[in-house]
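Trainee: I should like to examine how certain structural labels are justified. May we take them one at a time?

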Amino acid sequence: MPATLDNAAIAERLDAFAGLLDLAGSGRYTARAYRRAAETVRESRAPVAALVREGRVQELRGIGPGIAARLRELVETGAIAELDELEREVRPELVGLGRLLGIGPQRMVDIGRALGVSTADELRQAAREGRLKDVPGIGPKTEERVLARLESPERPRRRGLLLNRARALLEEIAGALGGEVAGDPRRWADESFELAVVVAAARPKAALDAFERLPAIVAVVEREARRAVGVTVEGLPVELIVAPPSRFGTELLRATGTPAYAEALGPLPAAADEEAVYAALGVPWCPPELREEPFRGTPPQLLELADVRGDLHCHTTWSDGKASVLEMATAARDLGYEYLAVCDHTRNVRVVPGLDADDLRRQAEEIAAANDALAPFRVLRGTEVDIRSDGGLDLPDDVLGELDWVQLSLHAGQREAREPLTRKVTEAMRHPAVTCLSHPRGRLINHRPPNALDLEAVFEVALETGVALETNGLANRLDLSGPEVRLAIEAGVPIVASTDAHSIRGLKNMRLAIATARRGWATAADVVNTRPLAELPLRRRAPG
Ligand SMILES: [Zn+2]
Ligand SMILES: [Zn+2]
């Protein structure tokens, strides 16, 4: 029997399986199930290998019989045969390399097979020898492009990586190498293009070798004395910088960027940590979230995750959430919060189940029971009420008047012109039951641009009515964005940092909402859900 696998090792194998299933085109659903299972295993406090041996692993959320069987195989034999087979078949190192070079997975595997190569070095060698031409279907144009991209460090422009994935990837790599996350994810950028990790080591070889062996890095495309660039299976380049310990702070500051910010500081003195670099420059230390544009001043005391006392936007099984009211509330209490607002969808959303007035009143009983069970923790009765196409709210006034917290949301018609869109939203904000406007710009990063909403007009009505504006912690929303949060705060409009969680795990997205607020220079005083329950601006007034 193999040595006992810890939860992290099991999760890593499940993640690898998910990645390969994606590559093999096995359907997004299966890959997603494995990814979710990996997350569950990673977060489980119980040793999962022991649960597997006791035949109890299906008690964990999201682990069905199929995944349980794979886990049994892994724990008993130390491997998953199908995973090994897939690895041989889809050649992740070639697929990752291909994506970096702008060549699709299947094509790249064909090229690898035709040339008998499987690493970046072998491919480069074959290309230099002019053997690419021998591959059926490769013309001089493709050959030229592949050669150029293999030789030059310049990378094709691509979509950025969403913040949750970027943080998870770099935290895993930095954790394995004992280094620090750098690049765009350290500034909590909405999308990451520059992924970097900085490690301190007098002798760099061990760190560089360890980097090459990481499961997340499928191919190394550049390696120098103190630096390497590897690619993930998605073709994302990740840079490793191995700094001498006496220059760790200097390299970390430089690799955190942005180039405009770092350059404006002038030549960076050598120092072992960032604080010392700043001290030597005579510039106050600056939180990474603010290192976007040149800045040498004293930063404000930014909001911290620990300042948050509750979450004001989440869903339950009443609409499209995965957990019950009690489960969500218990999880929120366990995060140390004082309150949680349950804001399920209304009927107008259509694509997911929505609630009407009767449903909301039945939900009230469940919320009351949760409050009895969890007191003094407080579950707030809320809704995420749609603005209908006619501009009205999707719930009758009487039930809106019973609620503690009303999130106003536009889910359709995001492409409407600026003037009618702004009129519709600001008019809906004037409804006396509304307390907060959800994801105001309606963007879905990489899928839908922000709507044309006139934010100045929205700020004006927000000030007039007391409606707060949300910065939404879903990684593909982050809406309002950092710069928009900053404008709102400058206008004096209160911000709510919420997760819009649809599961217990989703409640952890608070760190993304907080980071986005910090990128908007928010202090705790600017953010509504840092206030204790008694000071929340609940229910503006009952509609009259
Ligand atoms: Zn929504
Ligand atoms: Zn929502």
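The discussion below concerns one buried residue and a set of paired strands in this predicted model.

Trainee: Why is V485 called buried?

Mentor: The label requires 20 or more other C-beta atoms within 10 Å. V485 has 28 such neighbours, and therefore counts as buried.

Trainee: Where does V485 lie, and which residues does V485 touch beyond four places in sequence?

Mentor: V485 belongs to helix α20, which spans residues 482-491. Its contacts, with residues up to four places away left out, are T471, L480, I495, T516, A517, G520 and A522. E82, by comparison, lies 403 residues from V485 in sequence and 48 Å away in space, C-alpha to C-alpha.

Trainee: What makes strand β6 largely enclosed by the rest of the structure?

Mentor: Strand β6 covers residues 227-231, and four of these five residues are buried, so the rest of the structure largely encloses the strand.

Trainee: How do you know that β5 and β6 pair?

Mentor: Pairing requires at least two bridges between the strands. Strand β5 (residues 219-223) and β6 have four bridges, in the antiparallel sense, so they are paired. In one of these bridges R223 is partnered by A228 of β6, and a hairpin of three residues joins the two strands.

Trainee: What makes β6 and β7 a pair as well?

Mentor: The same cut-off of at least two bridges applies. β6 and strand β7 (residues 237-243) share five bridges in the antiparallel sense, so they too are paired. R227 has I241 in β7 as its bridge partner. The hairpin here has five residues between the strands, and G235 takes a positive phi near 85 degrees in it.

Note on methods. Residues numbered from 1 in each chain as written. Chains lettered and ligands numbered in written order. Predicted model: local features only at pLDDT ≥ 70, side-chain atom pairs only at ≥ 80, totals over all residues. Buried ≥ 20, exposed ≤ 12 C-beta atoms within 10 Å, placed from the backbone. Contact = placed C-beta atoms within 7 Å.
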